[in-house]
Amino acid sequence: MLIGYGFSLDIKNVPIAVVLEDNSPTARQTLNFLNGSEYYSPRYVTSMHDAEILINRREVDAILRVPPNFSATLMQGDAKLQLILYGGISATASTIQGYLEGSIRQINLLSATNGNVTIESRMWFNDINSSTWYLVPGLMMIILTIVGVFLTALVMAREWERGTLESMFVTPVHLLEILLSKMIPYFCVAMVGFFLCLAASRFLYAVPMKGSFWLILLASILYLFVALGIGLVISSVTKSQFLAAQMSLTVSFMPSLMLTGFLYDLRCVPEFVSQIGNLLPPTFYLELLKSLFLSGNNWNLIIKDCAVLIFFIGLALRITRKSVE
């Protein structure tokens, strides 16, 4: 039901920062189409600096700039608006560009003056408007999720079924050491997959890496511990390989594919679906990974998302410890 209701490629309530460097009645009347429309959610600011802060924080998907001489040039017959798009999700950016250019064309047709308004567009963070640039970080998230959750859940469930885990408890080995012994091999396997994806993104797909490599590595290690922890929780709760496999697909792979922003923007779906997506660890990792690859070291996002991942690591280990005990 969540996927059925949540899967939508329609883009509505697009957050746009409107920079009014010309605050005249003519300029405001030209941008009247933004107000009251279900397709736009404008935020009016007075400087490009404020607008850049909003787009770097991912609070808006586009910047529409009205230059200081807009009214004067409109009366002379040819006024220009500047449109800057967040290119991290190129399909969304292209749709927003189409919306705004279509609205401006309609204004020109209905305008009582002889002046025309045109938009000059620029794509930020994805200059060539390539869908590969935002799909590749998402695929890295999917691979770490599959290895971390699915394989860890199966191997621990197998130990429960064979009864070998109970025999380990009577040995001098501590519980934490047993859990680490099950996590470390799959951590290494997942990191090999991560580095292969990283090499492919750089040398096959030419995805830029504008942020720090070490931050990308740190974020991936944190998320991998989250995925491994989820796998341990599933195996300790189910104690069955069949149930562990089914639950792993249900609670990790499918949500990470459909409800994290990998295929479409979470702002395009019903509110309750968006709220569920914003509770999932892959959502925070994907947001952080796209930001580090395409826009650079955005410390607000880095601190927030890393803190959330660390919280999920602690929560998963706590639940696993209690279930095993």
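1. Let's start with S240. In this predicted model, S240 sits in the loop that links α9 (213-238) to α10 (241-258). You might expect a loop residue to stick out, so check its number: the relative accessibility of S240 is 17%, and since buried means under 20%, S240 counts as buried. What does S240 touch, once residues up to four places away in sequence are set aside? Its contacts are A157 and E161. From the same stretch of chain, have a look at M156 too: 84 residues separate M156 from S240 along the chain, yet their C-alpha atoms are 8.8 Å apart.

2. Now step back for the overall picture. The protein has 13 helices and 5 strands. Of its 325 residues, 50% are buried. Then there is the matter of who touches whom: take the contacts between residues at least 6 apart in sequence, and 75% of them join residues at least 24 apart. Keep that figure in mind when you trace the chain on screen.

3. Helix α3 (residues 48-56) makes a good exercise. Which of its residues are buried? They are M48, A51, L54 and I55. Looking down the axis of α3, you find these buried residues within an arc of 120°, so they line one face of the helix. Try turning the model until you are looking along that axis yourself.

4. Just past that helix, pause at R58. This residue follows α3 and has a positive phi, near 65°. R58 will come up again below, in both of the spaces I looked at.

5. Next comes V60, in the loop between α3 and β3 (62-66). Is V60 buried or exposed? V60 is buried, because its relative accessible area is 0%. Leaving out neighbours within four places in sequence, V60 is in contact with P15, I16, A17, R43, L54 and I55. Two of those names, L54 and I55, are also among the buried residues of α3. V14 is worth finding as well: its C-alpha atom is 7.6 Å from that of V60, although the two residues are 46 apart along the chain.

6. On to the cavities. The structure holds 2 cavities of 30 Å³ or more, and the largest has about 40 Å³ of space. Its lining is made of R58, D61, Y86, I89, T92, A93, I96, D265 and R267. Which helix gives the most to this lining? That would be α5 (residues 90-110), with 3 residues. By class, the lining splits into 4 nonpolar, 1 polar and 4 charged residues. Don't skip over those charged ones when you colour the residues by class.

7. The largest pocket is a separate item, with about 500 Å³ of space. How many residues line this pocket? There are 20, and those nearest its centre are R58, L266, N278, T283 and E287. So far R58 has turned up in the cavity lining and in the pocket lining. Helices α12 (281-294) and α13 (299-324) each supply at least two lining residues, and α12 gives the most, with 6. The classes here come to 6 nonpolar, 7 polar and 7 charged.

8. T283 deserves a closer look, as one of the residues nearest the centre of that pocket. It belongs to helix α12. T283 counts as buried because its relative accessibility is 9%. Beyond its neighbours up to four places away in sequence, T283 touches L259, T260, L266, G277 and N278. Notice that L266 and N278 are also named among the residues nearest the pocket centre.

9. Compare that with N300, which is in helix α13. Here the relative accessibility is 49%, so N300 counts as partly exposed. N300 and N56 are 244 residues apart in sequence, but their C-alpha atoms are 9.2 Å apart in space.

10. Last point: cysteines. A disulfide is a covalent bond between the sulfur atoms of two cysteines. How many disulfides does the model have? The count is 0. Two cysteines to look up are C197, which counts as buried at 16% relative accessibility, and C306, which is buried with a relative accessible area of 11%.

Technical notes. Residues are numbered from 1 along each chain as its sequence is written. This is a predicted model: local features need pLDDT of at least 70, side-chain atom pairs count only at pLDDT 80 or more; totals for chains, interfaces and linings use all residues. Side-chain values use heavy atoms; hydrogens and water are left out. On a 1 Å grid over the protein atoms alone, a cavity is a set of points where a 1.4 Å probe fits but cannot get out, and a pocket is an open set with protein on both sides within 12 Å along at least five of seven lines; lining residues have an atom within 4 Å of a point. Grid points are joined across faces, edges and corners, and a volume is the space filled by probe spheres set on the points. Helices (H or I, at least four residues) and strands (E, at least two) are DSSP runs, numbered from the N terminus. Ala, Val, Leu, Ile, Met, Phe, Trp, Tyr, Cys and Pro count as nonpolar, Asp, Glu, Lys and Arg as charged, and the others, Gly among them, as polar. Buried means under 20% relative accessible area, exposed over 50%, partly exposed in between (1.4 Å probe, protein chains only). The arc is that of the directions from the helix axis to the C-beta atoms. Contact means heavy atoms within 4.5 Å. A disulfide is a pair of cysteine sulfur atoms within 2.5 Å.
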